Structures are given as structure tokens and as C-alpha cells.
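Please take me through this structure one selection at a time, telling me what to pick in the viewer and what I will find there.

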Amino acid sequence: SDGKVGIGTSSPTSQLNVHGAGQGIVSAGVWGADTGDLGGTIIVTDSGGADNDGGMLLLGSSGGSMNYFAGIKSFQTSGGNRGLGDLAFGTRAGNNDTALTERMRILAGGKVGIGTDSPDGNLHIFTADASQAANANSDELTLENSGHCGMSIFSGTTSYGLIRFGDSGGATRGEIGYLHTTDTFNFNTA
């Protein structure tokens with residue numbers, strides 16, 4: 001009577017409340033298996049089995065069929081049962097757009113692309129194509145633009161802004177620091 005739907009519960013606390021028995025994590029970093037009790041799980045699937053097929057969750061407000069403004073979509077990347085897949089996040093770019101624009105993608109292997117669906121490294125922030133690929137020895141963070149490209153480090157007026165280098169011998173084997181009080185750069189080694 002109050003518009004709330006409960007699955008697995010007779011007293012829902014929100015518009016949709018899915019409740020199930022404990023789906024524990026088998027070991028660190030491993031989600032529950034494909035069989036057994038999936039706890040309070042919602043499964044969104046696509047009936048297709050080809051690449052780029054996958055379930056989607058659209059988020060929006062009421063007032064028409066196109067009032068969604070954000071979404072999360074899964075993309076199957078290698079066909080077949082228990083294949084691999086990516087997860088993409090999108091938002092509407094303009095008021096009258098009829099489709100969402102992909103903003104971020106997490107690849108099946110764990111790489112994250114912001115502004116790209118094919119990140120070069122662990123985290124790739126892309127604005128425009130610079131026609132270069134990241135070097136495999138330094139691809140943990142990739143910033144890419146066809147024009148000016150940079151990174152900003154902000155800190156307090158009496159503090160340092162730092163980039164530190166470490167190894168198995170110590171967390172700070174070298175550093176580049178900017179001290180705001182004296183407006184000076186420092187280059188230090190262990």
C-alpha cells in the first residue's frame with residue numbers, strides 16, 4: 001500500500017528492498033561463487049551471448065521515457081558461458097541528448113579508463129589522442145591529451161606538495177617537493 005516492494009523481506013524499507021541470507025566472501029578479493037545462496041543479489045542480464053551484450057542499470061528521474069541521466073552497463077568482451085566482461089559508467093552530456101556518453105570503463109583485467117574504453121595502464125585519464133602508448137615500465141598512471149597535459153598537486157600554504165619514490169629499501173628513497181612557505185623546489189635522495 002505504501003509503494004514499497006520487498007523480495008525476501010515482508011517489511012521493505014525502500015521502494016525496492018532485496019534481502020537474502022549471507023553471501024560471504026570466500027577469500028580476499030573473491031566474490032561469491034556462481035552457485036548457492038547469492039544473498040541480497042540483483043542480477044541484470046541480456047539475452048544475447050555476443051560481444052558487447054550485457055545488462056544495464058539506468059538512473060534518472062520521473063517525467064518521461066528519456067529521463068535517465070546516468071547508467072552502468074556491462075559489456076561481454078569474450079563470448080560464451082562465464083566469459084569476460086567490462087563495466088562502463090555513462091552520463092548524459094547535454095540536456096537534449098538522446099543517449100548517454102561513456103565516461104569511465106573498468107576492463108575485465110582491472111585497468112580503469114576515464115575518457116577511454118581502452119586504457120593503456122592501470123589508470124588512464126584521457127582527454128584527446130596524443131598518438132602514443134604508455135611505456136609498460138611506467139603505465140600505472142597515464143595522463144593523455146593531444147594538447148597541454150598536466151597534473152595538479154594542491155597543499156596548504158605552509159605545507160609541501162610531494163612526489164615520492166620508494167622501493168623495498170624504504171618508502172622515501174627520493175622525492176621532489178615544493179615548499180609553499182618559501183616557494184622553493186627540493187630534490188632529495190636517501
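**A tour in three stops**

Begin by selecting E144, which is found in strand 9, the run of residues 141-144, and keep in mind while looking that this is a predicted model. E144 is buried and yet has no salt bridge, since the nearest side chain of opposite charge, that of K111, is 12 Å away. Now add H124 to the selection, and you can follow a polar contact of 2.8 Å that joins the side chains of E144 and H124. To fill in the surroundings, show the residues that E144 contacts once its neighbours within four places in sequence are left aside, among them D120, I125, F126, Q132 and C149.

Stay in strand 9 and move to L141, which lies in that strand. L141 is partly exposed, because its relative accessible area is 43%. Next, select I114, I125, L141, L143, M151, I153, I163 and F165 together, and you have a nonpolar surface patch of about 650 Å². The elements that give two or more residues to this patch are strand 9 and strand 10, the latter covering 160-167.

For the last stop, go to R105, which is found in strand 6, residues 101-106. Is R105 buried or exposed? With a relative accessible area of 8%, R105 is buried, because the cut-off for that term is under 20%. Select D86 as well, and a polar contact of 3.3 Å can be traced between the side chains of R105 and D86. Not counting residues up to four places away in sequence, R105 also touches a set of residues including F75, L87, K111, V112 and D117.

Methods:
Residues are numbered from 1 along each chain as its sequence is written. This is a predicted model: local features need pLDDT of at least 70, side-chain atom pairs count only at pLDDT 80 or more; totals for chains, interfaces and linings use all residues. Side-chain values use heavy atoms; hydrogens and water are left out. Helices (H or I, at least four residues) and strands (E, at least two) are DSSP runs, numbered from the N terminus. Buried means under 20% relative accessible area, exposed over 50%, partly exposed in between (1.4 Å probe, protein chains only). Lys and Arg count as positive and Asp and Glu as negative; His and the chain ends are not counted. A salt bridge is a side-chain nitrogen of Lys or Arg within 4 Å of a carboxyl oxygen of Asp or Glu. A polar contact is a pair of N or O atoms within 3.5 Å; within protein, one must be able to donate a hydrogen and the other to accept it, and residues adjacent in sequence count only if both atoms are side-chain atoms. Contact means heavy atoms within 4.5 Å. Patches are made of residues with over 30% relative accessible area and no salt bridge: like charges are joined within 9 Å, nonpolar side chains (Val, Leu, Ile, Met, Phe, Trp, Tyr) within 5 Å. Accessible areas come from the Shrake-Rupley method with a 1.4 Å probe; for residues, only the protein chains shown count as cover.
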